[in-house]
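Thanks for coming, everyone. Please bring the model up on your screens. I will start inside and work outwards from there.

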Amino acid sequence: MLAQFVELDAIWQSVKNDKDGHVAEDYREGIQHNQTLLLVRLKRLAGPDRAMRMITEAVRKSRKAKGKKKLAGDVRPRAASLPSADATAPKLTPIEASVSDVDAGASELGHRKTTSLLPDNRTIMHELAINKEYRIDIKSKTDMRENAIQAVSANMRQGFESGLGDLFIVAMAETLREKLLSLVVPGKSLHILISESLDTAMITNQVKMGAFSYQQFFTFMNSLLPKICAPVRDAEVKALAEDQTEDPIERLAKLNYVVDLLLVDHANFSLQMNAPLLIKEAMGYEQRCFANTVSGQTLRKTAQWWSGAKRKTEEEIIRRSSREQSAPAHRTTTDKVYMQGIVDLAIGVTELQEIDIPETLELDRSRISRMRGEILRMVVISAVLLTAKNLMRRDVRSQWKEQAQRMWDLPFTDAQAFIAAIESRYALPANTKTQLSGTTERILLDGRNRQVSHAVVKVLLQKIKAHVYTRL
């Protein structure tokens with residue numbers, strides 16, 4: 001009960017500041033009611049004074065633990081400057097500018113798209129509007145390290161084999177120069193050093209005369225990167241300096257990848273410093289970017305998605321109240337159509353197809369796909385547990401959290417593993433186990449085929465949709 005009280009407090013802490021969506025108003029009454037019931041029970045068991053002390057201490061520890069942010073290291077780039085209150089606003093002016101100037105450079109977020117590790121500015125602003133603590137996920141990017149290095153190496157080798165080696169050297173040097181310059185403060189010593197040492201005209205002449213030295217180039221980079229990178233990147237930079245690979249193309253590819261990581265660190269630091277101002281401009285900025293992207297195009301998929309949602313909304317209204325269509329509550333509104341379209345798009349189990357995503361939600365493709373995968377797993381596991389409770393004559397409202405957690409990571413191909421998760425706590429008679437095994441296999445078949453054919457799965461999916469729709 002004490003843990004439930006603390007969990008309710010944590011939920012309240014996470015939603016209490018939400019005013020625009022009225023989430024706090026929806027949650028406050030329910031949380032207070034449940035906390036009051038728990039408090040009464042705790043006072044009966046432990047006494048009024050002891051119960052209050054236990055609750056106060058538990059809530060304090062919970063809030064303190066959540067307030068601490070775990071830092072994996074110092075993520076501030078050494079060459080980055082802390083923007084002052086006066087200096088921050090001017091750097092954000094490109095975001096407030098017209099769409100035609102957006103791609104020319106959007107202030108702190110405006111690293112040129114010379115790296116595949118950085119999303120474009122519209123994506124960053126979109127994610128920041130959804131999550132105020134959004135940071136570019138470096139872990140998911142570092143998983144692509146070998147693929148990224150091999151792709152750059154293969155591209156350069158192809159150029160060298162085609163007799164364009166000199167052009168590729170100059171192009172790579174120019175690319176690295178642009179990236180490194182975006183990491184340092186203009187006018188400072190490091191900015192001047194990079195500009196002069198990696199001057200494109202100078203390197204071009206060296207390559208033409210055969211005087212370009214890979215060794216000198218890598219030595220300069222190995223001495224420069226430690227002065228620019230964040231302390232959390234010291235290990236990668238040191239490993240790069242100690243790498244004595246004889247193949248210069250492979251070393252260039254590795255160097256390019258490390259610099260890309262520094263760009264991600266710098267972008268995340270800029271987000272941390274400028275997030276409050278960027279969030280204010282996020283909606284308008286994304287609207288201008290989207291308008292520029294679809295200019296002169298027909299939003300065919302959006303129109304199709306909206307038409308389907310409107311048709312379904314009208315059918316549902318007619319089905320529920322054929323005699324009261326004139327009542328305000330039974331009219332088709334844009335809000336109802338939009339909510340119906342969002343629910344049908346996100347709450348599903350089938351594989352997300354290209355035609356399913358309207359142009360207006362293209363940036364949320366991976367998020368919607370992930371949600372569908374979680375909904376599929378949720379209804380499959382719930383159907384198995386509900387069937388087990390009915391066969392065992394247990395209260396269907398009881399929460400089997402431990403069994404559900406064990407099943408969450410299980411593959412849909414192993415029905416016996418799902419049965420074993422239930423048997424880990426409850427004994428199953430032979431007849432019950434046989435019936436449950438057969439039903440579980442049929443339910444998992446739905447999971448493997450990403451379809452809804454089993455009756456229990458159908459009911460659960462519809463209940464989830466109704467639950468979400470009524471709360472939008």
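Start with the lining of the largest cavity: F218, N222, L240, D243, R251 and L255. This is a predicted model, so keep that in mind throughout. The space inside the largest cavity is about 50 Å³. Searching the whole structure gives three cavities of 30 Å³ or more. Which elements give two or more residues to the lining of the largest cavity? They are α12, residues 214-228, and α14, residues 248-293. By type, the lining splits into three nonpolar residues, one polar and two charged.

Stay with two of those lining residues, F218 and R251. The charged end of R251 sits over the ring of F218. The distance from that charged end to the ring centre is 4.2 Å.

Now the aromatic rings. A pair of aromatic rings is described by two things, the distance of the centres and the angle of the planes. How many aromatic pairs does the count come to? Seven. Take F217 and F218 among them. Their centres are 5.8 Å apart, with 70 degrees between the planes, and the pair is edge-to-face. Both F217 and F218 are buried.

Next, W305 and Y338. Their ring centres are 6.2 Å apart and their planes meet at 85 degrees, so this pair is edge-to-face. An angle over 60 degrees is what earns that label. Where do the two residues sit? W305 is in helix α15, residues 300-320, and Y338 is in helix α16, residues 334-346. They are 33 residues apart, so the pair links distant parts of the chain. Is each one buried or exposed? W305 is buried, because its relative accessible area is 13% and the cut-off for buried is under 20%. Y338, at 42%, is partly exposed.

Back to F217 and F218 for a moment. Together with F212 and Y214, they form one aromatic cluster.

There is a second charge over a ring. The charged end of K389 sits over the ring of W400, 5.4 Å from the ring centre. K389 and W400 are 11 residues apart in sequence. In space, their C-alpha atoms are 9.6 Å apart. W400 lies in the loop between α17, residues 365-391, and α18, residues 401-408. W400 counts as buried, because its relative accessibility is 6%. What does W400 touch, leaving aside neighbours within four places in sequence? The contacts are L385, A388, K389, M392, R394, I422 and Y426.

The loop that holds W400 also holds R393, between α17 and α18. Phi of R393 is near 60 degrees. That is a positive value in a residue other than glycine. R393 counts as exposed, because its relative accessibility is 76% and exposed begins over 50%.

Another positive phi turns up at R450, near 50 degrees. R450, too, is a residue other than glycine. R450 lies in the loop between α20 and α21. With a relative accessible area of 22%, R450 is partly exposed.

H454 is found in that loop as well, between α20, residues 430-449, and α21, residues 455-470. H454 counts as buried, because its relative accessibility is 16%. Which residues does H454 touch, not counting those up to four places away in sequence? T439, R442, I443 and D446.

One charged residue to finish the tour: E127. Its place is in helix α6, residues 121-130. Is E127 buried or exposed? Buried, because its relative accessibility is 14%. Leaving aside neighbours within four places in sequence, E127 is in contact with Y134, L363 and R367.

Last, the whole chain. How many helices and strands does the chain have? There are 21 helices and zero strands. The chain has 472 residues, and buried residues make up 38% of them. Now take the contacts with a separation of 6 or more. Residues 24 or more positions apart account for 67% of those contacts.

Note on methods:
Residues are numbered from 1 along each chain as its sequence is written. This is a predicted model: local features need pLDDT of at least 70, side-chain atom pairs count only at pLDDT 80 or more; totals for chains, interfaces and linings use all residues. Side-chain values use heavy atoms; hydrogens and water are left out. Rings of Phe, Tyr and Trp (its six-membered ring) pair if their centres lie within 6.5 Å; planes under 30 degrees apart count as stacked, over 60 as edge-to-face and the rest as tilted. Buried means under 20% relative accessible area, exposed over 50%, partly exposed in between (1.4 Å probe, protein chains only). Helices (H or I, at least four residues) and strands (E, at least two) are DSSP runs, numbered from the N terminus. A charge sits over a ring if NZ of Lys or CZ of Arg is within 6 Å of the ring centre and within 35 degrees of the ring normal. On a 1 Å grid over the protein atoms alone, a cavity is a set of points where a 1.4 Å probe fits but cannot get out, and a pocket is an open set with protein on both sides within 12 Å along at least five of seven lines; lining residues have an atom within 4 Å of a point. Grid points are joined across faces, edges and corners, and a volume is the space filled by probe spheres set on the points. Ala, Val, Leu, Ile, Met, Phe, Trp, Tyr, Cys and Pro count as nonpolar, Asp, Glu, Lys and Arg as charged, and the others, Gly among them, as polar. Contact means heavy atoms within 4.5 Å.
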